[in-house]
Amino acid sequence: MKTPAVDLRTYTKERPSERHGFVQIVLPVFGQLRMDVAGRENELSSARGVLIESGRLHTQEATAINRSLVVDIDQSTVSDKILERFAASPYFEVGATTRQLVGWMRHSMTTDGLESETAGLWAPLLIDSLVHDKPAIRSRLDALRAIVSVDPFHPWTVETMAKHVDISDSRLHALFIEEFKTSPHQWLASLRLEKVCHLLRDSAMPIAEIAFKAGFSDQTALTRAMRNTMGQTPAAYRRAHLKDMH
């Protein structure tokens, strides 16, 4: 396993002891779950999770109706420092940054295919948050940009992006100007237009539907945005690229 796997699971009764050939992180999003990891027992909840090393014997038993985000990660991709930290104590308190990351991934898993595309970007940031709670700001910004790039049509706002990296709206704006020479709003608008152009070139999706998916109020709004930005309407852009293909 090289790419992390992310899943939502419900545990119903005690399961036999087991070992995995990978690191597993269990983060309940609601309910409780009792875990025993190599003789260390504790109860998991939305405020407490667990990181189980590869080969570590463990059992779990539901103590209430529950739902957990379960992340499986190749152990070779996890630093020795982090493995040593959790070997001594596999349980951890869920901090604010971790909670934001869990909430975003849980939402993204309602959109077809997103979990597999974003897991490789999201999992390292999750692990870092377990140790530091507030990862370095540049790494948080880079991870945010990577995740938003996968699904720019998600209803992102400056507020939701700022919450995702646990800083204020004004701080996010200032950091984007400083680090990337553009505002979060301008960057997101450009990213959405890039995906619009991809759909116009490579799909037969109606322009009105593309406009709706991209978050525009109607096709006219998309036409205005493309004309102002690119000097071309969506229909003209599509026709030009159809000619290029022939």
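**Questions about a predicted structure**

Mentor: Let's start with Arg145, a residue of helix H4 (residues 137-150). Keep in mind that this is a predicted model.

Trainee: What makes Arg145 count as buried, exposed or partly exposed?

Mentor: Its relative accessibility is 26%. Buried needs under 20% and exposed needs over 50%, so Arg145 falls between the two and is called partly exposed.

Trainee: Which residues are in contact with Arg145, leaving aside neighbours within four places in sequence?

Mentor: They are Phe176, Phe180 and Trp187. We say contact because heavy atoms come within 4.5 Å. Arg145 can also be compared with Leu188: the two are 43 residues apart in sequence, while their C-alpha atoms lie 9.2 Å apart in space.

Trainee: Now the salt bridges. How many does the structure hold?

Mentor: There are seven salt bridges in the structure.

Trainee: Why is the meeting of Arg9 and Asp7 called a salt bridge?

Mentor: The N to O distance between their side chains is 3.1 Å. The cut-off is 4 Å between a side-chain nitrogen of Lys or Arg and a carboxyl oxygen of Asp or Glu, so this pair qualifies. Arg9 also meets Asp72, at 3.5 Å from N to O. That pair links distant parts of the chain, with Asp72 in strand S7 and Arg9 in strand S1, 63 residues apart. Asp7, Arg9 and Asp72 thus belong to a network of salt bridges.

Trainee: How do you know whether Asp72 is buried or exposed?

Mentor: Asp72 has 8% relative accessibility. The limit for buried is under 20%, so Asp72 counts as buried. Its partners in the network fall in another class: Arg9, with 25%, is partly exposed, and Asp7, with 33%, is partly exposed too.

Trainee: What makes strands S2 and S7 a pair?

Mentor: Strand S2 (residues 23-30) and strand S7 (residues 67-73) share seven bridges and run in the antiparallel sense. At least two bridges are needed, so they pair. One of the bridges places Gln24 opposite Asp72 of S7, which is the Asp72 of our salt-bridge network.

Trainee: In which order do the strands of the open sheet stand?

Mentor: Five strands stand in the order S1-S7-S2-S5-S8, paired antiparallel. S1 (5-9) and S8 (91-93) are at the edges with a single partner strand each, so one side of each has no neighbour in the sheet. On average, neighbouring strands are turned by 20° against each other, direction ignored. Helix H2 (residues 96-108) lies across S1, S2 and S7, at about 85° to S2.

Trainee: Why is strand S6 described as largely enclosed?

Mentor: Count its residues: S6 (residues 58-62) has five, and four of them are buried, so the rest of the structure largely encloses the strand. Strand S3 (residues 33-37) is joined to S6 by five bridges, running antiparallel, and Met35 stands opposite Gln60 there.

Trainee: Which residues have the most contacts inside the largest nonpolar core?

Mentor: Ile25, Leu69, Trp122 and Leu172 do, in a core of 45 residues. Helix H3 (residues 114-132) gives the most to this core, seven residues. Another core lies apart from it, with 14 residues, among them Cys197 and Leu222. As background, nonpolar side chains tend to be buried together in soluble globular proteins.

Technical notes:
Residues are numbered from 1 along each chain as its sequence is written. This is a predicted model: local features need pLDDT of at least 70, side-chain atom pairs count only at pLDDT 80 or more; totals for chains, interfaces and linings use all residues. Side-chain values use heavy atoms; hydrogens and water are left out. Buried means under 20% relative accessible area, exposed over 50%, partly exposed in between (1.4 Å probe, protein chains only). Helices (H or I, at least four residues) and strands (E, at least two) are DSSP runs, numbered from the N terminus. Axes are lines fitted to C-alpha atoms, for helices over the stretch in contact, and angles run from 0 to 180 degrees between N-to-C directions. A nonpolar core is a set of buried Ala, Val, Leu, Ile, Met, Phe, Trp, Tyr and Cys residues joined through side-chain atoms within 4.5 Å.
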